[in-house]
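The exercises below concern contacts between chains and the make-up of a single chain. Each task is followed by a solution that goes step by step.

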Amino acid sequence: MDYSITKFLWTLLGLFIVTNWGMLMSSTMRRIGARVSGRIGIPWYQPWVDLVKLYSLRTQLTHGTMFYIGPVFRLMGGVGMFLFLPMVFGNPIWSNYSFSGDLVLILYFQFFGMLGMALGAGEGGQPYSAIGISRGLSQFTTIEVPMTLAVISIAIQYHTLSISEIVAAQQGGITTWTLWTNPLATAAAMLSLLGAFGHSPFNLVKAPNEIPIGPPTEFHGTFLGVLRTNSAILHVAEAALFMNLFFGGATSWFELIIKTFLIYFWSVFVGTVFPRFRIEQSVRWFLKVPTIIGILAIIIFL
Amino acid sequence: MEYIIISTGFALMLLGLWGILSQKNLIKIILGFTIFNTGINIVMVSIGYVRGKAAPILDVIKPSEAASKIVDPIPQALVLTAIVIGLGVTALMLVYVLKLHREKNSLDINSFKDLKW
Amino acid sequence: MVGPIYIIAVALGIAFFMGLFGKSLKNLSEWAMLAGLGFMTYVSGQWLLEFMSNNRAVETIFTAGFKPPYSINLQMGSIEAFFTFIINVVGFLGAMYLFKDLKKTGPNAMMVYLVFIMSLNVVVMTRDMFNLFVFLEVGSIATAGLILLTKSGEALQAGMKYLIATGIISGVLLIGIIFAYYFSGSLNIDDLLAANMGASKTTVIAVFLIYVSIILELKPFPANGWGIDVYTAANPGIGALVSAATASAGFYVLYKLLPLGGAEWLNYIAVIGGITFVGSNLMGTKQDRPNRLLGYSSIGQIGLLMMILGLSDILGEKMMIIAFGILISHYAAKAGLFWLSGLIQAKDIKGWAALRKSPFLLFLFGTFVFALIGFPPFPSFFGKWELITTLAANGQWAWMVTILAGSFIEGIYLFRWLGYAIKLDHEDLPDFKIEWNKIFPIWIMAIVLYAVGVYVTPMVEGGMFINYLPLMFVLFLFAIDFLPVYIKNTISIGGIIWYMFHIYPVLEGDLLRLIFAGIFLVGGVLTLMAGYSKKGTRKGFYPMAMMMFAGLIGIIEASTLIEFFFSWELMTAGSYFLIIRGKRSMPHGYSYMLFSIGGAYAILFGFALAFASNFDTSLAALGSINLLPTLAYTLLAVGFMTKTASLGLHIWLPGAHGEAESDVSPMVSAILLKAGVFGLMILFLYMDRTSVGATNLLYVLGWVGALTTLMGNMSAAFQEDAKRLLAYSSVAQLGYILFAISIMSQLGWLAGFTYTINHFMFKAILFLVVGGIVAKLGTHYMYEMGGMIKKMPFSFIAVLVSIIVIGGIPPLSGFAGKWLFYNAVIEKGWYFQGAIIFFAGIIAFLYLFKLIHSIFLGQLKDNHRNIKEISAWILVPSYILIIGIMIFSAFPQYILQPIGDMLAPYFSTETLVWEGTKATTSLGYWDGTTIMIVVATAFLLLLAWLLALSSKTKKIEQFNIVFAAERPFRPETTHVSYNIYAGYKKALGFLITPLVTAFWESMSNLVLEFANWLRRIYGGSMQNYAIHVVLFIVVFYLIALGGL
Amino acid sequence: MIKKILIIGVLAVVGLIFFDLFNAYQGNESLSKTANYYAENGASQVGAANLVTAIVVTYRGLDTLGEVTILFLTAAIISFILKFREEDFMPNRSVRVTSELLDSAAQVIVPVIFMVGVYIFMNGHLTPGGGFQGGAVIASGVLLMIMANPNFGVSHKVIAVVESISGIAFVLIGVLGIVLAGGFLDNTLLPLGKLGDLFSAGVIPVIYTFVGLKVGAELSNIIGTISHVQNEKN
Amino acid sequence: MNKHKFEDLDVDKFLAPENQKRSVIAPDGSIVEVDPLKDYFCQDRPEVLKPKNGPVEKFLNWARAESLWVLGFGTGCGSIEIPPLVTPRFDMYRYGVQMRPTPRQSNVFIISGYLSVKTLKRAIRSYEQMPSPKYIIALGSCTINGGMYWDSYNTINRLDHYMPVDVYIAGCMPRPEALLAGFGKLKELIKAGKAEKANEYAENFDWYKANQKKIIKDWNMPDYNW
């Protein structure tokens, strides 16, 4: 239990790296997506420019306290997930504050951000936000089913819920990754990941032209900037979680960057190929294929 | 002898019951009761009969030999009471019928079905 | 000592004397009658006292100067003294009650009345068979006359029916008597009993005839149409006599003649009694006329008593106390109810809503109903307890089921009736006069019930431990019910706090009980504090609330089975009255009561099995059940689960909690439900969990818990009513707890405790605050609220904290439960149940968002623009609880570590290890304090960052939103709340098809339709009733003697 | 029709019960234990030549009291039942015309009937008969009077007094039995006398006299009350 | 610019029913008077938001120019020319231009062609809801002088009487290439710090408002839409 300043500063550095890598990753992905449709796409530095612009807008409107604090909650969700997640295996500096909780903590810390988003958007009184949140929550409940099954499966497999120990168990070559030792759990979780990243076909939550961008409709300027920062952190953190659970973790930042990129790419890849689901379709879908795979992942251990 | 009497009693009881259970006219039902009660009384009396003995009145019979000469007085005493009770019940029933008749102007037992369920 | 014979002499003397009064002295006759009845009461009472105080021999009264069997003799023993006394008391009170009716009809009616009571006395006392017959006839004829005190066509018809039926019955009895005489040579009952006529094939016919006619006099189902009509049509005062006095006398006659035929006849009597008890009560379920309903109930109770007599060889010496308890309850309650009915004179039980005009009469009505069902502290409670336990001790399962089923059916209509009286919306309540001569007897009967209840308590095994102290407090609150709220509230809170200090030393060292006592008592104080926000006197609230708390604390304190059950029932009664205080809560209170009674009977059955296993009355007996242990565990679990509202037994809860008053909802939801949890915990701790039955049961309960949670959370997500949403949330939370403790490991139980404590705190907050808002806004529907964050910021924070806890979001204490859950589930290997639980846990976010969004966020409505924050008296307890949550969240080890240590001995392995603030299991680790610090620090830094970046923000109004280049129209149409999860419903709504409700509805329809079909036998034709009587004889004959 | 068959079936089984009883009945060769006691001791203990009377009035005196009570009850009930709408029909009575023959015969026979009645209850302890029988005979005289003269009103007042006094006397005698002799309704209150005499058998003749009066009065009362409504206009 | 006198119109006559004053009954029985236009909308006027000084503002302006978020609101027939911009042939993303669905997140408003009076109202509302700094590109001749609709009873002729325009793109219709050129021009203006039309709008708010109200006869909204 290290509460020292140095630990704090190292963590801040880690956060900085993760944020920037998250932004770079997102612009890269968009460039890749543009290439697929024959375009050039945004410049690689576009996310930073957007962020500077958003933080520098002159008008800041607020609907109330929760509208203000909501984005902070949201950002806390991403930052918290980073804080409680060991990023680079074998290096206590980059394990952040993961000593205070295990996998369960990470799973439940996601809700912190969701709650903030929901409250902030709700305070805005914008009907589209509420609709978007209701969709998001609906979809999220079922996304978590295969994820939970996969987590249970891994916990049975490694008999631990500690992420560090799970990573440790996967050391020793590519064949010891959960991907190979427990392919069903990996499959269930990776399908669930599609929903978690919210790319097509599971992006009805933000359906830009039906309910203008969904929950963050009212958010602008600094608030939107905070949300964008968060999504950069969150994407990396989430990909890092999957990396730790299924893909042998990372022993260096480089490995982390490669692996998180590929994991993120998986969702972008699916997103470019498939059209959008309606909410009840996605709810049903998650309870069918991924859930059955997840159940099988447990049954093999019974 | 006593078998015939007791059978008569039972037969009357059955007859009375038949009247009670099947007749539609209230007066006839009361008659059924009277017959039923008569049957009971006959059965009771015949129960007390001892073959070849006399009535339990000690005018001719000496008290000392009474035990071997008389029939059983107890059923007779009981019948006396039973008759009176029967009388009381019959009288009450008749008055009831009187009132019932005044209520609906009918003696048909099936016209008094106001209370049910 | 005045000889019992003077009862006859004085009664007849006065009756005959009345003829002499003539017109001038006519007014004297009613006083003469009362004097006569008073004298009779005095004589029998004096004998009763004599027998109670001195252990003296039975007094025999000889007539005509000869000894039996040659002359008629009477007997006055303790039992006769008791029966004559109760007959004379109800006779005296009944005369008071009927004073005006009798006076109007004249001295003749009074003579009849006097002779009627006298005849019942003789019926009880006589030891001569024929004399019994004569005085039964006197009674019958007198009844036929008294029926006509009501001058109506219906009464005439009923009387005629009565005459016809009794005519046949008396004929049969007469034949039986004469043949009994023929076979035995004597008319003396003692001789007849000694003659052993049942033994011989030829003589048994006399026994049969006597039994069948005495049984028929007791109006067995279904040959009792004539009797019911009498109850229906006669003056309720007469109904009271027939029900209380005649039935008691008839019961005693049957008791007297019980040895006549020998043991094998007992079975027939028991079966007939059982059929009557169940059948008659079943008929009652479809009945609307109060008097007729009472008739059915009376006959049912007599059936129960008959059954007890029939089971006397099984019950042994316990029979006395059982029969006494049930008889006296029936006697007093039925007399009281009939008298009440006479006061109100409603043709329909809905008309009893008029009773509301007089709270005292309503109180009496409630007393009688609860006494009939067998709630404590009434004698029938002890009677039923002894009955069931003794039957269990003898393995009489079928009888136990019959008794409990019949009692349950009785509860169905009695509580419906009570509900109508208390809550029914009735257009024009009929007016009724309150006459003191009519009220006084009713009061006496109610006092009798309470007094006898307390009196018999120590006679029951284990009963002497029952603590009446809290009940005295309830009584005291009744006495001061007229005072304003704040005084009573202060007294109540003071009482609870005093009890805390009183009970702490008792429970010290027993952490399990201490935790629940804390929840009950601290919760009580906090929820009562909200009561300061109410105005007026709030009549009836405090006694009932205190009764509930008395019951709750009694459960904690209980060391014996009967104490536990006593308190359990007390709590049920108190909470019932609390729940039905809500405006529209009656139907839900009714179903709450039915489920509670059903559950209580299941518990009773289970306790009886526990007791019977090794005749141990202490709670520890649950640990060594060897009679049908699986059934016992199941029944107990089901019984407790009616309170925790698990799947299948939950349908009462949403309505009951949703419609209750704003400060009652937290009481019943946050506190009361924990009683069921406590019961389950006690059961699980004691029971032999290694047995196959228990293992299977736990497995099933695990699934039930998981599915309850899923169903509860999903139903909550689709609710539009704020309080119902919370109620469904309670169902789900209790499902978690059930699941957790079914795991039966240290981790599972820790999770269960965490959930218990958390649910107590957050549900109290939510129900207090949301209840306050609902009351303030005047609507239950969330879509009619909105934007309250600006008006009620403190409420918002309270709700926000609560939903963070419910959601299990770190860093608050809800996460502790989730973490323990994961560990426990994986350790146990209940993966799929666990997955369902976690799935359900995420569904919780749906309703949590809906709750906080719909009420506090979104659009403020026109009519709520001037709303102010809810009362501080609601916020203060809420914030105290929030402090509690914060402490629990930041320092979980101080609470969970001791609990873990306490649980360790019960479970083989200690799986949770604490190092300072960090908890470790074989699977994972968790450090609540660190998480709290990290999250708080990071959050504050981020907030500071945002504040630094956007220092100049402009506050805008609620319609300043982007709206596709338009503007919003009205707040109502802009607030998104109604059916917000439409898509989800489309996909998964089928999961909450109300199958359970449909099941219970079809069950109740089945019962009602069956009753409706069955009651067609009561077609109203007097001749058919006569046929029924004969048919009954015939069937009984064929079964008993015909070899059928 | 089905109902008739059902009734016949039911009665057939009732017949079966009776057949059982019939089978159980073997006739008597000797007196039962109790009857034997009465036969042996009745004369000496009670002093009544009519053993049935002895049983009815002394050994089973309480039954008789009950019996009297039943008649009393019936009379009381009938009078209050029929009284309660008296005003409805009293003014409209239409009187039936009686026959000359009946009227004349009644005047002759009624005193005789009354005398026979009195004789029967006075001698109840000696010959067949007794208070009930005598009372019934007296009532039949009253019935005759009513039939002969429809306007003959039975005086309720007189009847009530007779009824009450005789009833009270019965009870008082019973109570005196407790005070002075062995128990309620003890016969030996008065000397037993010589078997077969008119003034013998202790209080039996006294009781039977009161019973006779009472029964006569009560039955007359019933008849009289019913006759009130007899001619009621429909 | 000459300021037109604001004619006080009888506003209430045009108010939609839902915007008229009403009184409702509160749960406690008291009566609540609601004036929707006053109670539900912020009444404040726009303020002039001064740019920061020196290189900071220069850097920020560069960022703003490189990150142009266009409001997805096609006001007239010219909006048919916008969708091609996201196709591979034109690909506006490479210039940092992106579409946003909500005015709160947009900086650039393309008035694409003629503007009917009815749409003008919506256009003003959307423009006012955009956070400052914000820019207007007027597309096509109709926005300059009415174009072929110059004598229509229902279209406006000169857009800059009603909203401040940064860049005009002439033509009927201008091709997407012209639009890209317009974006280029706008970028230049922003980088040069000359695209401060939002402040100009705030400064001359009364004038703009009077113009707007003159042509929109049924003015039934607050003066400034936050």
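**Exercise 1.** For chain E of this predicted model, determine what share of the residues is buried, and then describe the secondary structure, the extent and the contacts of the chain.

*Solution.* Begin with burial: of the 226 residues in chain E, 43% are buried, where a residue counts as buried if 20 or more other C-beta atoms lie within 10 Å of its own. Next, take the secondary structure, which in chain E consists of eight helices and seven strands. The C-alpha trace of chain E extends over about 65 × 45 × 35 Å along its principal axes. Finally, consider the contacts in chain E between residues at least 6 apart in sequence, of which 79% join residues at least 24 apart.

**Exercise 2.** Identify which two chains, among the six pairs that touch, have the most contacts, and work out what the side of chain C contributes.

*Solution.* The pair with the most contacts, among the six pairs of chains that touch, is that of chains A and C. In this contact, chain A takes part with 66 residues and chain C with 59 residues. On the side of chain C that touches chain A, the elements giving two or more residues are α33 (814-828), α34 (831-856), β5 (925-927), α37 (928-949), β6 (954-955) and α39 (982-988) of chain C. The most is given by α34(C), with eleven residues. Sorted by class, this side of chain C holds 38 nonpolar, 14 polar and seven charged residues.

A further step concerns strand pairing between the two chains: β1 of chain A, residues 61-62, pairs with β6(C) in the parallel sense over two bridges, and K954(C) in β6(C) is the bridge partner of L61(A).

**Exercise 3.** Find how many residues of chain D are in contact with chain B, and state which element of chain D gives the most to that side.

*Solution.* Start from the count, which is 46 residues of chain D in contact with 36 residues of chain B. The elements of chain D that give two or more residues to this side are α1 (2-24), α2 (33-45), α3 (51-59), α4 (61-83) and α9 (204-230). Of the side of chain D that touches chain B, α4(D) gives the most, with nine residues. By class, that side of chain D has 28 nonpolar, twelve polar and six charged residues.

**Exercise 4.** Establish how far apart the nearest C-alpha atoms are for chains A and B, and for chains B and E.

*Solution.* Chains A and B do not touch, and their nearest C-alpha atoms are 53 Å apart. Chains B and E do not touch either, with their nearest C-alpha atoms 48 Å apart.

Methods:
Residues are numbered from 1 along each chain as its sequence is written. Chains are lettered from A and ligands numbered from 1 in the order in which they are written. This is a predicted model: local features need pLDDT of at least 70, side-chain atom pairs count only at pLDDT 80 or more; totals for chains, interfaces and linings use all residues. Two residues are in contact if their C-beta atoms, placed from the backbone, lie within 7 Å. Helices (H or I, at least four residues) and strands (E, at least two) are DSSP runs, numbered from the N terminus. Ala, Val, Leu, Ile, Met, Phe, Trp, Tyr, Cys and Pro count as nonpolar, Asp, Glu, Lys and Arg as charged, and the others, Gly among them, as polar. Two strands pair if DSSP finds at least two bridges between them. A residue is buried if 20 or more other C-beta atoms lie within 10 Å of its own, exposed if 12 or fewer, and partly exposed in between; C-beta atoms are placed from the backbone.
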